[in-house]
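Work through these exercises with the model open beside you. Try each task before reading its solution.

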Amino acid sequence: MITVENINKSYGSGASENKVLKGISTTISDGDYVVILGASGSGKSTFLNVISGLERADSGSIKYDGRDITKLSDKELTKFRKDNIGFIFQQYYLLPNMTVEKNVRMGADLSGNSDYKEIIEAVGLGDKLKSFPGELSGGEQQRVSVARALAKGPKILFLDEPTGALDEATGRQVLDYIGRLHDKLGFTVIMITHNQNIAEMAKTVIRLNSGKITEVYQNQKQKTAYEIGW
Ligand SMILES: Nc1ncnc2c1ncn2[C@@H]1O[C@H](COP(=O)(O)OP(=O)(O)O)[C@@H](O)[C@H]1O
Ligand SMILES: [Mg+2]
């Protein structure tokens, strides 16, 4: 369980201070599928970066099963992220000179003998192990980044507009893989979007408006990637 209490975050100071997160509190249950929905500039990426420990809040607490990550040193925070969290962004951030297989293995920073080939299979790229990112479509590249994020078996997967650079067909396909892996592996999904349609895939929707949570609701029925509008 993630417990977020009274998070505030500003950029700049004095007359140019921009208050981006204004007293955010929420809880997220293990295994939930959460979509954070809000207009561009509402603070979604900042919220994701802060609760995942990529950035520091100015005040407030963020507890993972009672452990407050705002109290960790930079080194401890890096280890916390490595051990617990996977990230997927709109850009794929793949290493162009490495094969799919190497991107997943190195990007995931695997220490043990994780079965990374199985996860590459699971995103439908079992026949692309030796391909380079430049030889793949955008949707395939994003599926490589999904495999990279999941190869180390994270407890929580954070996604910031993962289909923002994709066309409808490949965007649906990427969301479909993510949904099925969530059902199979049981990690928590926390996904940002500005697209109301994508929110229909969530179990829990958190609406963000000008740096505040204005609404939290549960969908009665979660739609699949092929049932939503686009
Ligand atoms: N690193 C940064 N430095 C300064 N301002 C930032 C930074 N990141 C975001 N902001 C500002 O914070 C506000 C919210 O941005 P962001 O969290 O990216 O919103 P969203 O993801 O909902 O579009 C915007 O006004 C943006 O300009
Ligand atoms: Mg954003």
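**Exercise 1. Overall build**

Task: State what share of the 230 residues in the protein is buried, then decide how compact the protein is for its length.

Solution. Start with burial: buried residues make up 39% of the 230 residues. Keep in mind that this is a predicted model. Next, count the elements: the protein has seven helices and 10 strands. Now compare sizes. The radius of gyration is 17 Å, close to the 17 Å from the globule rule for 230 residues, so the protein is as compact as a globular protein of that length. Along the principal axes, the C-alpha atoms fill a box of roughly 50 × 40 × 35 Å. Finish with the contacts. Of those with a separation of 6 or more, 71% join residues 24 or more positions apart.

**Exercise 2. The core**

Task: Find the residues of the largest nonpolar core that touch the most other members, and list the contacts of A147 beyond its neighbours within four places in sequence.

Solution. The largest nonpolar core holds 58 residues. Within this core, V34, V35, I36, V146, A147 and L157 touch the most other members. Take A147 from that set. With neighbours within four places in sequence left aside, A147 contacts V104, I119, I120, V123 and L125.

**Exercise 3. The shell around ligand 1**

Task: Name the residues around ligand 1, and say which element gives the most to the shell.

Solution. Go along the chain. The shell consists of Y11, N18, V20, G38, S40, G41, S42, G43, K44, S45 and T46. Two elements, β2 (18-28) and α1, give two or more residues each. The most come from α1, with three residues. Now sort by type: two shell residues are nonpolar, eight are polar and one is charged.

**Exercise 4. Helix α1**

Task: Is helix α1 (residues 44-51) largely enclosed or largely open?

Solution. List the buried residues first: K44, T46, F47, L48, V50 and I51. That is six of the eight residues in α1, so the helix is largely enclosed by the rest of the structure. Two of the buried residues, K44 and T46, also belong to the shell around ligand 1. Then step past the helix: just after α1, G53 has a positive phi of about 80°.

**Exercise 5. Two unusual backbone angles**

Task: Y93 and E161 each have a positive phi. Place both residues, and decide for each whether the position is buried, partly exposed or exposed.

Solution. Recall the background: most residues other than glycine have a negative phi. Y93 is not a glycine, yet has a positive phi of about 55°. Y93 lies in the loop between β6 (85-88) and α3 (100-107). Its 14 C-beta neighbours inside 10 Å make Y93 partly exposed. Turn to E161, also not a glycine, with a positive phi of about 50°. The loop between β7 (156-160) and α6 (168-185) holds E161. The cut-off for buried is 20 or more neighbours. E161 has 21 inside 10 Å, so E161 counts as buried.

**Exercise 6. Strand pairing at β9**

Task: In which sense does β9 pair with β3, and in which with β10?

Solution. Take β3 (residues 33-37) first: this strand and β9 (residues 204-209) run parallel over four bridges. V35 has V205 as its bridge partner in β9. Now take β10 (residues 212-218): β9 and β10 pair antiparallel over six bridges. Here N209 is bridged to K212 in β10. Close with the hairpin of β9 and β10. Two residues lie between the strands, and S210 has a positive phi near 50°.

Notes:
Residues numbered from 1 in each chain as written. Chains lettered and ligands numbered in written order. Predicted model: local features only at pLDDT ≥ 70, side-chain atom pairs only at ≥ 80, totals over all residues. Buried ≥ 20, exposed ≤ 12 C-beta atoms within 10 Å, placed from the backbone. Near = placed C-beta within 6 Å. Nonpolar A, V, L, I, M, F, W, Y, C, P; charged D, E, K, R; others polar. Core = buried A, V, L, I, M, F, W, Y, C linked by C-beta atoms within 7 Å. Contact = placed C-beta atoms within 7 Å. Rg over C-alpha atoms; globule rule 2.2 N^0.38 Å. Pairing = 2+ DSSP bridges.
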